[in-house]
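User: Please take a close look at the salt bridges in this model. Which residues take part, and how do they sit relative to one another?

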Amino acid sequence: MDDAFNMSMRKFLKQVGVTSQKAIEDAVRGSGQSGPYKAKVVLTIDGLELEHVVTGEIAGPDA
(Lines give C-alpha, C1' and ligand atoms only; values in the text may rest on other atoms or scores of the structure.)
Protein backbone atom coordinates (compact mmCIF):
# COMPACT_ATOMS: atom_id res chain seq x y z
CA MET A 1 0.00 0.00 0.00
CA ASP A 2 1.23 3.49 -0.71
CA ASP A 3 2.19 6.17 1.80
CA ALA A 4 -0.82 8.42 1.12
CA PHE A 5 -3.21 5.53 1.78
CA ASN A 6 -1.41 4.54 4.99
CA MET A 7 -1.31 8.13 6.28
CA SER A 8 -4.99 8.67 5.48
CA MET A 9 -5.96 5.44 7.21
CA ARG A 10 -3.85 6.25 10.29
CA LYS A 11 -5.37 9.73 10.47
CA PHE A 12 -8.88 8.25 10.33
CA LEU A 13 -8.10 5.59 12.95
CA LYS A 14 -6.58 8.23 15.24
CA GLN A 15 -9.76 10.29 14.89
CA VAL A 16 -11.83 7.17 15.70
CA GLY A 17 -9.75 6.48 18.80
CA VAL A 18 -9.72 10.02 20.17
CA THR A 19 -13.40 10.74 19.55
CA SER A 20 -14.48 7.29 20.77
CA GLN A 21 -12.53 7.68 24.02
CA LYS A 22 -14.23 11.03 24.68
CA ALA A 23 -17.67 9.57 23.86
CA ILE A 24 -17.08 6.63 26.21
CA GLU A 25 -15.83 8.88 29.02
CA ASP A 26 -18.85 11.17 28.66
CA ALA A 27 -21.27 8.21 28.61
CA VAL A 28 -19.67 6.58 31.66
CA ARG A 29 -19.61 9.87 33.55
CA GLY A 30 -23.32 10.38 32.97
CA SER A 31 -24.43 6.79 33.47
CA GLY A 32 -24.32 6.45 37.23
CA GLN A 33 -23.22 2.83 36.70
CA SER A 34 -19.92 1.36 37.83
CA GLY A 35 -19.08 -1.10 35.02
CA PRO A 36 -17.47 -3.15 33.67
CA TYR A 37 -19.02 -2.25 30.33
CA LYS A 38 -19.36 -4.54 27.32
CA ALA A 39 -18.36 -2.57 24.22
CA LYS A 40 -18.76 -3.17 20.49
CA VAL A 41 -17.51 -1.20 17.51
CA VAL A 42 -18.78 -1.84 13.99
CA LEU A 43 -16.72 -0.45 11.12
CA THR A 44 -18.21 -0.16 7.66
CA ILE A 45 -16.90 1.71 4.64
CA ASP A 46 -19.20 2.94 1.89
CA GLY A 47 -18.35 1.27 -1.40
CA LEU A 48 -16.48 -1.64 0.19
CA GLU A 49 -17.82 -4.99 1.27
CA LEU A 50 -16.57 -4.51 4.80
CA GLU A 51 -18.14 -4.99 8.18
CA HIS A 52 -15.48 -5.30 10.86
CA VAL A 53 -16.71 -5.90 14.41
CA VAL A 54 -14.59 -5.49 17.51
CA THR A 55 -15.98 -6.44 20.91
CA GLY A 56 -14.44 -6.11 24.32
CA GLU A 57 -14.92 -5.10 27.89
CA ILE A 58 -14.02 -1.80 29.50
CA ALA A 59 -13.42 -1.68 33.24
CA GLY A 60 -15.31 0.92 35.22
CA PRO A 61 -13.46 3.87 36.72
CA ASP A 62 -12.19 3.66 40.29
CA ALA A 63 -14.66 5.17 42.71
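Analyst: What follows covers the salt bridges first and then the chain around them.

The model is a predicted one. Its salt bridges come to two, and they link Lys22, Asp26 and Arg29 in a network. Asp26 takes part in both pairs: with Lys22, where the closest N and O atoms are 2.9 Å apart, and with Arg29, where the corresponding distance is 3.0 Å. Side chains of opposite charge can pair when their charged atoms come close.

The spacing along the sequence fits this arrangement. Lys22 and Asp26 both belong to helix α1, which covers residues 3-31, and lie four residues apart, about one turn of the helix. Asp26 and Arg29 are three residues apart in helix α1, so about one helical turn separates them too.

None of the three side chains is buried. Asp26 has 36% relative accessibility and is therefore partly exposed. Lys22, at 48%, also counts as partly exposed, whereas Arg29 counts as exposed because its value is 62%, over the 50% cut-off.

As for the surroundings, the protein has one helix and two strands, in the order α-β-β along the sequence. Of its 63 residues, 3% count as buried. The radius of gyration is 15 Å, against near 11 Å for a compact globule of 63 residues, and the C-alpha atoms fill a box of roughly 45 × 20 × 15 Å along the principal axes. Over the protein there are 7 positive and 9 negative charges, with mean positions 6 Å apart.

How values were computed. Residues numbered from 1 in each chain as written. Predicted model: local features only at pLDDT ≥ 70, side-chain atom pairs only at ≥ 80, totals over all residues. Heavy atoms only, no water. Rg over C-alpha atoms; globule rule 2.2 N^0.38 Å. Buried < 20%, exposed > 50% of the residue type's maximum accessible area, 1.4 Å probe, protein only. Lys, Arg positive; Asp, Glu negative; His and termini not counted. Charge placed at Lys NZ, Arg CZ, Asp CG, Glu CD. Salt bridge = Lys/Arg side-chain N within 4 Å of Asp/Glu carboxyl O.
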